[in-house]
Amino acid sequence: MIIPKILVTGATGKTGGAVVTQLLAKGWPVRAIVRGRDARSDLLQRRGAEVVVADIFDPGQLMDAMRGVQRAYYCPPYHPFVIQSASAFAAAARETGLEQIVGLSQWLAGPNHPALLSRQLWLIDRMFAALPGIAYTVVNPGFFADSPYLDMMPFAAHLGVLPLPGSGESRNAPPSVDDIARVAVAALLDPARHAGKAYRPTGPALLTVTEMAAIIGQVVGHKVRHVRTPLWMFYKGAKAQGLQPVLLSGLRYWLEDNDRGAFAVGAPNDTVRELTGKDAEDFETIARRHAALPQSRQSFRTRLTVFASFLAVPILPGFDPVAYDRAQEQPVPPTPRLALADEYWTASHRAESSLIVDSALTKAVA
């Protein structure tokens, strides 16, 4: 039997890289799309992936990259014109006869959400689902355990603080990047079973940020406390770390959704175990992996570097999301609504796993 080749976009990113690694470990041939050659793409090639450089906004380059593959994992770029990338991907998929797409979406995606990226991801889901003859499966996690929570591990390990916006008492069951990838891989290996489905992988327990800080403290061996960080200051640090402006623009709304309890809806669930046969990783397991990274290991030099970067945050350039949105001339819904205030979102998210296209809900939006 000829094993289908699987295309992976965002192959050097978090979920894309994990999808490539897991597919290769299972013996499936992988073609990995990267933006350019670097150490990360070279590593993928050494592991056995076929690496191609392509612009995922260009239909012609995507068609060239897609020829000879049968299935694909689409990881959308954090870009204000992500809909252009998805449209080009859809056109290439139809042209080359792709049989399946598994797409990374977002738990908060909806047609009325104030965040542009959330609205565009909702549109992308509908566009891919409408492609004739192509099976489509959505993977729509909430905030990952790895990001934003454990992105702060160096500060926790060296300074005993977890600097994040919000009260610290809202609850989420954050999945690991590896578990998100395991769900995507399960869908890629069995298109018929998962066609037309939307899956939300979660961790095994609802946790507050305060509880996450306590778990991280157990991992690193000293007390860690959540420090409620003003959003303007968090923007400074996130911008310095290279987060894309469209991501920063949406962050204020996603954090408010989180504070209102949107990530606690439908969580925790058994999606990871039901699709993969293995329990979802708990937060402590994921935290231990991050604590073992070089930037979190104890040394005087690393501690000094982390301390200096922490002190430098207030004087870094800031980010104005309102000015950014205005400069982009972004379209705005007639009545923007956060997730729990949107009847469409709450109705469509009652089930843990549901059909992507629901005609009754589609009519409700109209």
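**Helix α3, the nonpolar cores and Glu274**

Q: What makes the approach of Asp58 to Gly60 at the start of α3 a polar contact?
A: A side-chain oxygen of Asp58 comes to within 3.2 Å of the backbone nitrogen of Gly60. A polar contact is a pair of N or O atoms within 3.5 Å, in which, within protein, one must be able to donate a hydrogen and the other to accept it, and residues adjacent in sequence count only if both atoms are side-chain atoms; the pair is therefore a polar contact.

This is a predicted model, in which local features need pLDDT of at least 70 and side-chain atom pairs count only at pLDDT 80 or more, while totals for chains, interfaces and linings use all residues. Residues are numbered from 1 along each chain as its sequence is written, and side-chain values use heavy atoms, with hydrogens and water left out.

Q: How do you know that the buried residues of α3 line one face of the helix?
A: Leu62, Met63, Ala65 and Met66 are the buried residues of α3 (residues 59-66). Viewed down the axis, they fall within an arc of 165 degrees (taken from the directions from the helix axis to the C-beta atoms), so they line one face.

Q: Against which elements do these buried residues of α3 pack?
A: They pack against β1 (6-8), β2 (30-34), β3 (50-53) and α4 (82-96).

Q: Why is Glu274 called exposed?
A: Its relative accessible area is 51%. Exposed means over 50%, buried under 20%, and partly exposed in between (1.4 Å probe, protein chains only); Glu274 is therefore exposed. Glu274 lies in helix α12 (residues 271-276).

Methods: Helices (H or I, at least four residues) and strands (E, at least two) are DSSP runs, numbered from the N terminus. Contact means heavy atoms within 4.5 Å.
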